[in-house]
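Student: I've got a protein model to look at and no clue how to read it. Can you walk me through it?

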Amino acid sequence: MTNQPKAAVPTGEVRKLPMMPIRDMVIFPHMMTPFVVGRESSVRALEEALNGDRKIFLATQHDASVDEPNADDIYETGTIGNIVQSVKMPDGNIKVLVEGVERARATEVNDVDGFFVATVRTGQTQLELTPQVEQLMQRVHSLFEQYVKLQQSLNYETMAASVRADEAAKLADTIAANLQLSIEEKQQLLEVFDPEMRLARVADVLDLAIEKLNMDRTIQSRVKRQMEKAQKEYYLNEKIKAIQKELGRGEKSEFDELKKKIEAAGMPKDVLDKSMQELKKLEAMPPMSAESTVSRNYLDWLLAVPWKKKSKEIRSIEHAEQILNEDHYGLEKIKDRILEFLAVRQLVKNPKGSILCFVGPPGVGKTSLGMSIAKATGRKFVRMSLGGVRDEAEIRGHRRTYIGALPGQIIQSMKKAGTKNPVFMLDEIDKMASDFRGDPASALLEVLDPEQNTSFQDHYLDVEYDLSQVLFVATANVLDTIPGPLQDRMEIIRLHGYTEVEKLEIAKQYLVKKQREGNGLSTEQLVFEDSALKAIIRGYTREAGVRNLEREIGNVGRKVARKVVQTGPEHKELVTGDTLESLLGVAKFRDSEVHAKSEVGLVTGLAWTSVGGTILQTEVQVLDGKGKLSATGQLGDVMKESAEAALTYTRSRASQLGLKKDFYRNVDIHIHVPEGAIPKDGPSAGITIATGLASALTKIKVRRDIAMTGEITLRGKVLPIGGLKEKLLAAHRAGIFEAILPEDNRKDLADLPELLKSSMKLHFVEQMDEVLQIALEGKLPELMEETPEALTGVIPAPIEGPQPVSRQ
C-alpha cells in the first residue's frame with residue numbers, strides 16, 4: 001500500500017478484518033452510510049463479515065476508476081464499520097447500510113479467497129475534557145453553525161441536532177463528514193488520530209470554508225443583480241422579437257443584417273476591420289445600455305457615408321457648355337475654366353480634385369454657378385455655409401467620448417450627397433472666424449489640399465476618408481479675410497458685376513420667367529417691356545449683382561397676382577416704363593443726382609467695396625482760418641494721408657494755380673465724404689481730393705459728368721488702382737460716361753466688357769496736372785503750357801446706347 005502522511009500513530013488494539021475498498025466517498029466514525037456493493041471481491045468480503053461479527057474495514061481508493069484495485073491503490077487509513085443492514089437486489093448487487101465505529105490503519109493487507117483481509121490497528125478515541133478542549137469545541141460548534149447558515153444545501157435544524165456531541169472525537173468526525181470537501185481533504189481529516197489535533201484541523205477548515213462562502217455570497221449577489229437586469233432585458237427583447245415575428249417582421253437577426261451591410265459597403269480594409277470589431281462589441285453589450293446606443297450610432301454613420309458609390313460623370317463638353325449657357329448669361333471666363341476642367345478629365349484617368357474659389361460681389365451668381373457645374377457634370381450637389389462658423393468641430397466633428405457627438409459638416413454633407421464625387425460648395429468661406437474653440441480655416445487646409453485630402457480624418461469616425469474625388473467650389477465676397485495658406489490651396493476666379501445690358505438680358509432670359517412661375521402667373525398674364533426692366537435697373541436698384549433686381553420683379557409679380565385673383569384669370573398686365581411707378585412706387589434712385597450742375601469743390605470719385613463698385617461724392621470747402629486741415633466721413637488712416645498728400649501737391653503748384661505761396665496759412669480746409677456712417681479707406685481717392693482742393697481754392701467748377709480714381713504722390717504722379725471694372729460699372733450705373741484713370745491701368749482694358757469700352761470715354765493720365773485740365777471747367781493757362789498732351793487713350797462714345805450727359 002502507498003504510505004500517507006500521518007498526523008499521529010495509532011496505539012490501540014490490533015485486529016484482522018475483511019476489507020472492502022470503496023469509491024468516491026470517505027466514511028467517518030459515527031457516520032451512517034448506505035452504498036451498493038457490486039464487485040465480486042467486495043461481495044465476498046461483505047459475506048465474510050456477515051458470517052462473523054458483522055465488522056468490516058472500509059478504506060477509500062486513490063482512483064475511483066480502477067475496477068480491480070490492489071493493495072497499493074487503497075489508502076492505509078480507513079474506518080471499521082458495523083454492517084447494520086444488507087439487502088440483495090435483483091441485479092445481484094447488495095445494498096448495505098454501514099455505521100462507522102472507529103478509524104484504524106491497515107498494517108498488512110492480504111488477498112484471501114478472492115477478497116482482502118486487513119490487519120488493522122485502532123487509535124485513541126477518548127479525550128479528557130480540559131478547559132482548552134471545551135473552548136475549542138465551542139469554537140468548532142460556532143463555526144459550524146455559521147457554515148451551515150451560509151451553505152444553503154444543508155438543513156440548519158438537522159445539522160445542528162447531529163453535531164450535539166459531548167465528545168471531542170465524535171464532534172470532529174460528525175462535522176468532518178458533513179463538510180463540502182473533496183475526497184482528498186476528507187481523507188486527510190480521517191488520517192488524524194489525535195482527537196484534539198483533529199478538532200483543531202476541523203476548526204481551520206471551517207474558517208477557510210466560511211471565508212470562501214462569504215466571498216462567493218458577495219460575488220453571487222452582485223452577479224445576481226446584474227443577471228436579473230440582463231435577464232429582464234433579454235426577456236423583453238425576446239418578447240419584442242416574438243411579437244415582431246408574429247407581425248411578420250424581423251425574421252433575420254439584426255446583427256446579421258448589419259454584418260451584411262458592412263461587407264457590402266465597400267469600405268477600405270482598415271475601416272472594415274474596425275467596423276467588424278465594433279459590431280462584435282455591440283453584440284456583447286446589453287441592448288438597452290447607453291454604450292450600445294453610442295456604438296450603434298457609430299456603425300450607422302460608417303454605413304451611411306459613401307465609400308464606393310459614385311455618380312456617373314458626364315464628360316461631354318458640348319453638353320456642359322449648353323447647360324452653363326442655359327443657366328447663366330455672360331461669365332465667359334468661368335465657363336471656359338469649367339470646360340477646361342472637363343477636357344482634362346477626358347484625357348487623364350485619375351485626375352486630382354480641383355478646388356475653385358469664386359470671388360465677387362453678392363448677387364452675381366456664385367452659388368448658382370456651383371449648382372450649374374453639378375448639373376453639367378452629372379454629379380450630386382451639396383452646400384455647406386461657412387458664414388459665422390467659429391468651431392473647428394464643425395469641420396472635423398467631435399470625439400465619440402462626448403455626449404451627443406456627431407461627425408463634422410464635411411462627413412455629414414458627404415452622407416447627404418450619397419456619392420463620393422459630388423460638387424461640394426463651401427459658401428461664404430471669407431466669413432469664417434476663430435475663437436477659443438479652434439480655427440475652422442486651419443481645419444479646412446487638409447480638406448482643400450489635393451495632397452492631403454485622400455486621407456481626411458474626422459474626429460468622430462476616427463478613420464481615413466478619401467475626399468480626392470470631390471470637386472470643391474468655394475465662394476467669397478473678398479479675399480482679405482481668407483488666410484494666405486488657405487488662398488494658396490484654391491484657384492481664385494473673380495466674378496465682376498454686371499453691366500446694364502447684361503442685367504437686362506439676365507432679367508429677360510431668367511428672372512422674369514422665374515418670378516412669373518413663382519407667383520403662379522402665365523406668360524400672357526404678366527409681360528415686361530424692355531423699357532420697364534431698364535427703369536427697374538436704373539431707378540430701383542444700384543447693385544453689382546441682380547438680387548435686388550429679381551426682388552423688384554417679384555414685387556411686380558405679386559401685385560399682378562393679386563389683380564388676377566380679384567378680377568379673374570383673364571386679367572393681363574403689360575408692364576412698361578410709364579406704368580412701372582404705379583406698381584413699385586416712386587423710384588429710389590434718380591438721374592437728376594448725376595445731371596445736377598457743376599459746382600466748386602464737388603468731385604465724383606470711384607470706389608470699390610465688397611459688394612461691387614460705387615461712386616463717392618467728395619466735397620472740399622475753404623474757410624478763413626489758421627491752416628487747419630479736417631477730413632470727415634469716417635475716413636481711414638490711408639485716406640487721411642491721401643488728403644495730406646493732395647494738399648502738399650496743391651501747395652507745390654500754388655503759382656501755376658494762381659495762388660499765393662502762403663495761402664494755406666490763412667485758411668482752414670475741410671474735406672468731407674458724405675454717407676458718414678459708412679467707414680471708408682484706401683489710397684485711390686488721392687486725385688479726387690486733389691481736384692476738389694484745386695477747385696475750391698481757384699473757385700473753378702469741377703465737371704459733374706466725369707468721375708475719377710487714382711492714387712497721388714507728393715510730386716503729382718498718378719499711380720494705378722484696383723477694381724477698375726467694378727468702379728467703371730458703378731459710374732455707368734450712375735449715368736456717368738467719362739472717367740479719368742491712371743495710365744498704368746490701360747492694360748486692364750482687356751478685361752472690360754464691350755459695353756464699357758464702347759459707351760464710356762476714358763482718359764488715361766500720368767500726372768495730376770493732366771487731371772486738372774480735364775476735370776476743371778475753367779482752363780489754367782500756365783498748366784497748359786507746362787503739361788504735354790493729356791488726352792491720350794480716349795475712347796469715343798458709342799452710336800447707340802446711353803449718351804454722355806452734357807455739361808452745364
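Tutor: Let's begin with handedness: a crossing of two helices is left-handed if the near helix is turned anticlockwise from the far one by less than a right angle, and right-handed if clockwise. Helices here are DSSP runs of H or I with at least four residues, strands are runs of E with at least two, and both are numbered from the N terminus. In this structure, α8 and α9 make a left-handed crossing.

Student: Before we go on, where does the model come from?

Tutor: It is a predicted model, where local features need pLDDT of at least 70 and side-chain atom pairs count only at pLDDT 80 or more, while totals for chains, interfaces and linings use all residues. Residues are numbered from 1 along each chain as its sequence is written, and side-chain values use heavy atoms, with hydrogens and water left out.

Student: How many helices and strands are in the protein?

Tutor: The protein has 27 helices and 26 strands.

Student: Back to α8 and α9, then. At what angle do they pack?

Tutor: Axes are lines fitted to C-alpha atoms, for helices over the stretch in contact, and angles run from 0 to 180 degrees between N-to-C directions. For α8 and α9 (residues 290–304), the angle is about 150° and the axes are 10 Å apart. Angles under 35 degrees count as roughly parallel, over 145 as roughly antiparallel, 65 to 115 as roughly perpendicular and the rest as oblique. α8 and α9 are therefore roughly antiparallel to each other.

Student: Which residues of α8 and α9 meet?

Tutor: Contact means heavy atoms within 4.5 Å. On the α8 side you'll find Val271, Lys274, Ser275, Glu278, Leu279 and Leu282, and they meet Ser292, Ser295, Arg296, Tyr298, Leu299 and Leu302 in α9. That contact of α8 with α9 splits into six nonpolar, three polar and three charged residues. For the sorting, Ala, Val, Leu, Ile, Met, Phe, Trp, Tyr, Cys and Pro count as nonpolar, Asp, Glu, Lys and Arg as charged, and the others, Gly among them, as polar.

Student: And how do α7 and α8 pack?

Tutor: Helix α7 (residues 254–264) packs against α8 (residues 269–284) at about 175°, with axes 10 Å apart. So α7 and α8 are roughly antiparallel to each other. From α7, the contact uses Phe255, Leu258, Lys259, Ile262 and Glu263, and from α8 it uses Leu272, Ser275, Met276, Leu279, Leu282 and Glu283. The residues of this contact are seven nonpolar, one polar and three charged.

Student: What about α18 and α19: at what angle do they pack?

Tutor: Helix α18 (residues 530–539) and helix α19 (residues 547–567) pack at about 125°, their axes 10 Å apart. That makes α18 and α19 oblique to each other. α18 passes α19 in a right-handed crossing. Here Leu533, Ile536 and Ile537 of α18 meet Leu549, Glu552 and Ile553 of α19. Five of these contact residues are nonpolar, none is polar and one is charged.

Student: How do I read "buried", and how much of the protein is buried?

Tutor: Buried means under 20% relative accessible area, exposed over 50%, and partly exposed in between (1.4 Å probe, protein chains only). Of the 808 residues in the protein, 48% are buried. Helix α4 (residues 168–178) is mostly covered, with nine of its 11 residues buried. Among them are Leu171, Asp173 and Ile175.

Student: Can you show me a buried residue in a strand?

Tutor: Try Val98, in strand β5. Val98 has a relative accessible area of 2%, so it is buried. Its C-alpha atom is 8.1 Å from that of Met31, although the two are 67 residues apart along the chain. Leaving aside neighbours within four places in sequence, the contacts of Val98 include Met31, Phe35 and Leu58.

Student: Last one: what should I make of a positive phi?

Tutor: Most residues other than glycine have a negative phi. Asp113 goes the other way, with phi near 55°. Asp113 lies in the loop between β5 (94–112) and β6 (115–122), and is exposed, with a relative accessible area of 63%. Glu428 also has a positive phi, of about 55°. Its place is in the loop between β9 (423–427) and α15 (440–447). Glu428 is partly exposed, at 26% relative accessible area.
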